[in-house]
There are 2 protein chains.
Amino acid sequence: METAPGTLADFLTLGWDRLIRGVGDRHAAARHPTLATVDSAGAPTQRTVVLRGAVRAEARIEVHTDAASAKVAHLTRDPRVAFHVWDDKANLQLRLTAHAEILVGTLDQWERLPEAARRVYGGHPLPGSPVPEAEAFQPSPYPDRYTVLQCHLDTMELLHLGRDLHRRAVFARASGWSGQWIAP
Amino acid sequence: METAPGTLADFLTLGWDRLIRGVGDRHAAARHPTLATVDSAGAPTQRTVVLRGAVRAEARIEVHTDAASAKVAHLTRDPRVAFHVWDDKANLQLRLTAHAEILVGTLDQWERLPEAARRVYGGHPLPGSPVPEAEAFQPSPYPDRYTVLQCHLDTMELLHLGRDLHRRAVFARASGWSGQWIAP
């Protein structure tokens, strides 16, 4: 896409369209955002996550994780998160800030997961624990550790890298998502 | 690459090889890491950057930026950063933590920049300032705003997603980069 939408409203719609595509299409850039949290010392830390939901009407996105992961410990202390996507096909950078709500996954959700997906929720020893060798880890699907992070967006900032012009705008829940162009 | 190196030493070398490739090859995944900082309120924030240097012997990597960018304001207050790369060709996630040192770019460095690269250091109004429309921005190369971030690594964590086994290890400056396998 060589030309970014000319209006703020169209720009915001582009951002949501690219996010929503990530939920359904495993090859879309937004399928795998980078999630940043702050650790117990207040330092930033990042990892790739899989986007599992994006609901524009409620301005929220969803990722699933293991209750024993470091990010859940971080979010229990400080729920502020940032998501980042570089969408090469749209020449678009998405930067989201949000507050994460930690929910216990329901048995209903668990039963809808494919077997391969269940393997990432559970395992011994706990993720991040020292092990004597790389092979000293046993995956074991464990529904009690299946956790849903509902992330309520505070801002969405979009940067479109056009051939002649870079366009950048920020949209905020606090201003009803009306948007503001900002200098790139 | 289907098999990760079997030793910690080889794993660390793989991480550095992929980073160093990013400096020289504009198509390498590590060319464009995601950089996380914490803002003045302590919240995480992320953006894509271009990797300009990677020196294993000193465990440092380098990115260039505009002195007027938000990230320089963040780093003046708190120098802790995180870098993230998902390297699809190597099935490898790199997570780095570092302390950023903010250096004024030298005229010598400036003169070696291609004209197109100079355009991103400078411009009016300042990056992130509200503008009435997307076009209300004037790029203007300005050497005084050309800034080098020397990032001194504290840790490098690698996660290799193998077909049968995920391998994860963390390496730290504090332990001489000897490394430790950890549960994925």
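**Entry 1: the second largest pocket**

I began with the second largest pocket, for which I noted a volume of about 460 Å³, and I kept in mind throughout that I was reading a predicted model. I then asked which residues lie nearest the centre of this pocket. Of the 24 residues that line the pocket, I wrote down A:R95, A:T97, A:T155, B:D39 and B:T45 as those nearest its centre. Going on to the elements behind the lining, I found that chain A gives two or more residues from each of β5, β6, β9 (146–161) and β10, while chain B does so from β2 (44–48) and α2 (70–77). The largest share comes from β6(A), which I entered with five residues of the lining. Sorting the lining by class, I recorded ten nonpolar residues, with seven polar and seven charged residues beside them.

**Entry 2: the contact between chain A and chain B**

I next turned to the contact itself, to which chain A brings 42 residues and chain B likewise brings 42 residues. For the area buried between the two chains I noted about 3300 Å², and carbon and sulfur atoms give 58% of that area.

How many salt bridges did I find between chain A and chain B? The count is two salt bridges, and one that I looked up by name joins the side chains of A:R167 and B:E135, with a distance of 3.5 Å from N to O. For residue pairs in polar contact between chain A and chain B, I wrote down 28, counting pairs in which both residues have pLDDT of 80 or more.

I then followed the side of chain A that touches chain B, where at least two residues come from each of β1 (34–38), β2 (44–48), β5 (80–87), β6 (92–104), β10 (166–172) and β11 (180–181) of chain A. On this side the largest share belongs to β5(A), which supplies six residues. By class, I divided the residues of the side of chain A that touches chain B into 23 nonpolar, eleven polar and eight charged.

**Entry 3: backbone details**

Where in chain A is A:P125 placed? I located A:P125 in the loop between β7 (122–124) and β8 (138–141) of chain A, and I noted that a cis peptide bond, with omega about -5 degrees, joins A:H124 to A:P125. In chain B I found a cis peptide bond between B:H124 and B:P125, for which omega is about -5 degrees, and B:P125 sits in the loop between β7 (122–124) and β8 (138–141) of that chain.

I also looked up two residues for their phi values. A:W177, although not a glycine, has a positive phi of about 65 degrees, and I placed A:W177 in the loop that runs between β10 and β11 of chain A. For B:N91, a residue other than glycine, I recorded a positive phi near 50 degrees, and B:N91 lies in the loop between β5 (80–87) and β6 (92–104) of chain B.

Conventions
Residues are numbered from 1 along each chain as its sequence is written. Chains are lettered from A and ligands numbered from 1 in the order in which they are written. This is a predicted model: local features need pLDDT of at least 70, side-chain atom pairs count only at pLDDT 80 or more; totals for chains, interfaces and linings use all residues. Side-chain values use heavy atoms; hydrogens and water are left out. Contact means heavy atoms within 4.5 Å. Buried area is the accessible area (1.4 Å probe) that two parts lose on being put together, summed over both. A salt bridge is a side-chain nitrogen of Lys or Arg within 4 Å of a carboxyl oxygen of Asp or Glu. A polar contact is a pair of N or O atoms within 3.5 Å; within protein, one must be able to donate a hydrogen and the other to accept it, and residues adjacent in sequence count only if both atoms are side-chain atoms. Helices (H or I, at least four residues) and strands (E, at least two) are DSSP runs, numbered from the N terminus. Ala, Val, Leu, Ile, Met, Phe, Trp, Tyr, Cys and Pro count as nonpolar, Asp, Glu, Lys and Arg as charged, and the others, Gly among them, as polar. On a 1 Å grid over the protein atoms alone, a cavity is a set of points where a 1.4 Å probe fits but cannot get out, and a pocket is an open set with protein on both sides within 12 Å along at least five of seven lines; lining residues have an atom within 4 Å of a point. Grid points are joined across faces, edges and corners, and a volume is the space filled by probe spheres set on the points.
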